[in-house]
Amino acid sequence: MSAITLSLIGYIVFKPKWREYQRKKIKSQPFPKSWRSILRKNVPYFYRMPAHLQLQLKQHILVFLAEKRFYGFEGIEINDEIRVTIASQACLLLLNRKTDYYPKLQSIYVYPAAFITNHQGVDAAGVLQSQHRVLSGESWELGKVILSWKDAHEGAKDYLDGQNVVIHEFAHQLDQETGAANGAPFLRHNNRDCWSKVLSDEFEKLRQQALKQEDSLLDHYGATNPAEFFAVASEVFFEQPQLMFSRHPQLYNQLKGFYQVSPSDWQ
Ligand SMILES: [Zn+2]
């Protein structure tokens with residue numbers, strides 16, 4: 001066996017162990033006092049969680065911020081307030097389970113407010129069209145999440161309205177870990193058949209409500225496709241858990257199985 005092959009095998013075998021060791025070291029570092037003040041000021045959600053989950057979340061924030069890069073656009077300067085406020089919401093989705101910290105994600109791009117994207121797509125007639133859209137967040141399969149700071153900040157402060165752009169975009173990241181975003185993330189604790197049945201029934205229900213313009217707990221945007229449904233349902237699961245539990249108990253239980261937490265018990 002050549003030296004190159006041996007080093008390649010060594011790299012493949014030891015890289016995860018090395019990363020695990022590094023993360024353990026990072027988690028044991030003290031959580032900076034100034035970061036605690038940011039949580040107090042911007043993330044009231046943190047204080048509704050039980051103490052052991054607060055501790056776990058702080059450790060996840062330390063790792064997340066050590067591994068991911070933030071970039072500011074349109075004049076916004078990245079500072080700890082932006083990093084900690086966004087990381088604390090993104091890491092909510094990682095509690096209580098083995099996580100690789102959004103392994104595909106490398107960068108978070110932050111705009112001051114809603115931003116315009118230009119995408120090219122083929123329309124129903126097969127013609128290439130340029131689409132301009134105004135967005136508060138976007139999740140890319142190739143390693144980045146784009147966020148409006150205004151929306152990420154307001155979403156953290158108003159934690160009971162069932163709308164949270166950071167939870168939404170990072171739910172897409174979890175979904176994209178499987179390759180395609182289709183509302184079926186890696187299911188470690190759930191029965192996949194049950195998950196598919198409950199989520200597709202609930203998606204269809206929301207689609208009907210959206211068509212008839214009926215009121216619904218989940219935003220009608222979730223009726224766009226199964227990936228958007230999972231992201232929208234994740235926002236409501238964390239921010240309006242009691243309402244979801246009473247109106248959509250099966251959906252709540254599937255998400256509880258997936259996220260390994262039960263926010264309806266937290267307040
Ligand atoms: Zn989305």
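These are my notebook entries on helices, helix pairs and single residues in a predicted model.

**Entry 1: helix 6**

I started with helix 6, which covers residues 165-176 and has twelve residues. From its first C-alpha to its last I find 16 Å, close to the 16 Å expected at 1.5 Å a residue.

I then looked up accessibility along helix 6. Twelve of the twelve residues are buried, so helix 6 is largely enclosed by the rest of the structure. The buried set includes charged side chains such as Glu-169 and Asp-175, and it also includes His-168, His-172, Gln-173 and Gln-176. Val-165, Val-166, Ile-167, Phe-170, Ala-171 and Leu-174 are buried as well.

At the start of helix 6 I checked Asn-164. A side-chain oxygen of Asn-164 comes to within 3.0 Å of the backbone nitrogen of Val-166.

**Entry 2: helix 4 against helix 6**

Which residues of helix 6 meet helix 4? I first took the geometry: the two axes come within 8 Å and cross at roughly 55°. Helix 4 is therefore oblique to helix 6. The crossing is right-handed. On the helix 6 side I list Val-166, Ile-167 and Phe-170; on the helix 4 side I list Ile-86, Gln-89 and Ala-90. Val-166 thus appears twice in my notes, in this contact and as the partner of Asn-164 through its backbone nitrogen.

**Entry 3: helix 2 against helix 4**

I stayed with helix 4, residues 80-91, and looked up its packing with helix 2, residues 33-42. The angle is about 65° and the axes are 9 Å apart. An angle of 65 to 115 degrees counts as roughly perpendicular, and helix 2 and helix 4 are therefore roughly perpendicular to each other. I note a right-handed crossing for this pair.

Helix 2 contributes Trp-35, Ile-38, Leu-39, Lys-41 and Asn-42 to the contact. Helix 4 contributes Asp-80, Glu-81, Arg-83, Val-84, Thr-85 and Ser-88.

**Entry 4: helix 7 against helix 8**

Next I took helix 7, residues 192-211, and helix 8, residues 226-239. They pack at about 95°, and their axes are 10 Å apart. I therefore record helix 7 as roughly perpendicular to helix 8. The contact residues of helix 7 are Trp-195, Leu-199, Glu-202, Phe-203 and Leu-206. From helix 8 I list Pro-226, Phe-229 and Phe-230.

In helix 7 I also looked up Gln-209. Its relative accessibility is 19%, so Gln-209 counts as buried, the cut-off being under 20%. Leaving aside neighbours within four places in sequence, I find Gln-209 in contact with Glu-214, Asp-215, Ser-216 and His-220.

**Entry 5: positive phi**

Most residues other than glycine have a negative phi. I looked at two residues that have a positive one.

Tyr-101 is not a glycine, yet its phi is about 55°. I place Tyr-101 in the loop between helix 4 and strand 2, the latter being 107-111. Is Tyr-101 buried or exposed? With a relative accessible area of 2%, Tyr-101 is buried.

Gln-260 is not a glycine either, and its phi is about 60°. I find Gln-260 in the segment after helix 10. Its relative accessibility is 29%, so I log Gln-260 as partly exposed.

**Entry 6: Ser-264**

I remained in the segment after helix 10 (249-259) for Ser-264. Ser-264 has 15% relative accessibility and therefore counts as buried. What joins the side chains of Ser-264 and Tyr-252? I find a polar contact of 2.9 Å between them. Not counting residues up to four places away in sequence, Ser-264 touches Pro-241, Gln-242 and Tyr-252.

**Entry 7: Ile-116**

My last look-up was Ile-116 in strand 3, residues 115-122. With a relative accessible area of 61%, Ile-116 is exposed; the cut-off is over 50%. Ile-116 touches His-132, Arg-133 and Val-134, with residues up to four places away in sequence left out. I also took the C-alpha to C-alpha distance from Ile-116 to Ser-136, which is 9.0 Å. These two residues are 20 residues apart in sequence.

Definitions and conventions: Residues numbered from 1 in each chain as written. Predicted model: local features only at pLDDT ≥ 70, side-chain atom pairs only at ≥ 80, totals over all residues. Heavy atoms only, no water. Helix = DSSP H or I, 4+ residues; strand = E, 2+ residues; numbered from the N terminus. Expected span 1.5 Å × (residues − 1). Buried < 20%, exposed > 50% of the residue type's maximum accessible area, 1.4 Å probe, protein only. Polar contact = N/O pair within 3.5 Å; in protein donor to acceptor, adjacent residues only side chain to side chain. Axes fitted to C-alpha atoms, helices over the stretch in contact; angles between N-to-C directions. Parallel < 35°, antiparallel > 145°, perpendicular 65-115°, else oblique. Left-handed = near helix turned anticlockwise from the far one by under 90°. Contact = heavy atoms within 4.5 Å.
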